[in-house]
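Hi everyone, thanks for making time. I'd like to walk you through one model today, so please have the viewer open.

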Amino acid sequence: MKRSMKYTMLATATTFAMGGSVLAGSLEEPIVEPVMTAPVVVPDMGGNWTGFYTGLQLGYGDADGPGALDGDNGSYGFHAGYDYDFGKFVLGGELDYDKTDIDLNGGAATIDSVARAKIKGGYDLGNTLIYATGGYALADTSGGDEDGGFYGIGMSYKVSEQYTVGAELLEHKFKDIGGTAGNDLDATTFTLRGSYRF
């Protein structure tokens, strides 16, 4: 009797001890090791093109009119404008002037200069801006002033925050040259540009 009671008490104590340790283990929260991760950085591909700018340009012009009213020559000039950067889209306006000396029909007439008032709309690629442009052009010729429209494309690249280089290709349409109906002149210009941004 004493022996069986002794075994019963031992078995009960053992069961209680084992159950207690199991119960205690179930009450403990699991230890979670912290995981270190690098912060996710999303690159900003946009630049800041907002502001005034001015600069110089060198180029080439080719005029093609009716009959033998054709000619080509180099040009040089200056430009000034303002851009506003909306994030990825850039809108701007510009005035520019090119001095040239294009002989038409072997010197029967000449184009001495071209002035332009432009609007520009383009896409901000960071240090590069690509854009379309168009507007009003006024050509000073030996026969008087001729006005018309133009359109084209351009590109600017930031060498630094202040300095940009770029290029433009423009197509001009001048109608009724010299007041003669149907006497239209097309002129294509290509310019390399350097600008300082404020």
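Let me start with a cut-off: a residue is called buried when its relative accessible area is under 20%, and exposed when that area is over 50%, with partly exposed in between. Keep in mind, too, that this is a predicted model.

Now to our opening residue. Is Trp 49 buried or exposed? Trp 49 counts as buried, because its relative accessibility is 0%, and the cut-off for buried is under 20%. You will find Trp 49 in the loop between helix H1 (2-27) and E1. If you want a distance to check on your screen, go from Trp 49 to Gly 92: the C-alpha atoms lie 9.7 Å apart, while 43 residues separate the two in sequence.

Let's zoom out to the whole chain. There is one helix and there are eight strands, and from the N terminus the order is α-β-β-β-β-β-β-β-β. The chain has 198 residues, and 33% of them count as buried. For those of you who like contact maps, take the contacts with a separation of 6 or more: 54% of those are between residues 24 or more positions apart. The accessible surface comes to about 12,400 Å², and carbon and sulfur atoms hold 66% of that.

Next, the core. Which residues have the most contacts inside the largest nonpolar core? They are Ala 63, Leu 104, Ile 111, Phe 174 and Leu 185, in a core of 14 residues. At least two core residues come from each of strands E3 (89-104), E4 (109-124), E5 (128-141), E7 (163-174) and E8 (185-197).

Leu 104 deserves a click. Beyond its neighbours within four places in sequence, Leu 104 contacts Ala 63, Leu 69, Asp 70, Gly 71, Ala 109, Thr 110, Ile 111 and Leu 185. Leu 104 also gives us a link to Ser 142: these two are 38 residues apart in sequence, with 10.0 Å between their C-alpha atoms.

So where does Ser 142 sit? Ser 142 is in the loop between E5 and strand E6 (144-158). Ser 142 is partly exposed, because its relative accessible area is 47%, and partly exposed covers the range between 20% and 50%. Not counting residues up to four places away in sequence, Ser 142 touches Ala 108, Ala 109, Thr 110 and Asp 112.

Last topic: empty space. Rolling a probe the size of a water molecule over the atoms shows where such space is left. How many cavities of 30 Å³ or more turn up? The count is three.

The largest cavity has a volume of about 120 Å³. Its lining has 16 residues, and nearest the centre are Ile 102, Ile 111, Val 114, Ala 187 and Thr 189. Strands E1 (51-64), E3, E4, E7 and E8 each give at least two residues to that lining. By class, the lining of the largest cavity splits into seven nonpolar, six polar and three charged residues.

The second largest cavity holds about 70 Å³ of space. Of its 13 lining residues, Tyr 53, Ser 156, Thr 164, Arg 193 and Ser 195 are the closest to the centre. Strand E2 (70-85), E7 and E8 each supply at least two residues there. In the second largest cavity the lining divides into four nonpolar, five polar and four charged residues.

That's my tour, and I'm happy to take questions.

Note on methods: Residues are numbered from 1 along each chain as its sequence is written. This is a predicted model: local features need pLDDT of at least 70, side-chain atom pairs count only at pLDDT 80 or more; totals for chains, interfaces and linings use all residues. Side-chain values use heavy atoms; hydrogens and water are left out. A nonpolar core is a set of buried Ala, Val, Leu, Ile, Met, Phe, Trp, Tyr and Cys residues joined through side-chain atoms within 4.5 Å. Buried means under 20% relative accessible area, exposed over 50%, partly exposed in between (1.4 Å probe, protein chains only). Helices (H or I, at least four residues) and strands (E, at least two) are DSSP runs, numbered from the N terminus. Contact means heavy atoms within 4.5 Å. Accessible areas come from the Shrake-Rupley method with a 1.4 Å probe; for residues, only the protein chains shown count as cover. On a 1 Å grid over the protein atoms alone, a cavity is a set of points where a 1.4 Å probe fits but cannot get out, and a pocket is an open set with protein on both sides within 12 Å along at least five of seven lines; lining residues have an atom within 4 Å of a point. Grid points are joined across faces, edges and corners, and a volume is the space filled by probe spheres set on the points. Ala, Val, Leu, Ile, Met, Phe, Trp, Tyr, Cys and Pro count as nonpolar, Asp, Glu, Lys and Arg as charged, and the others, Gly among them, as polar.
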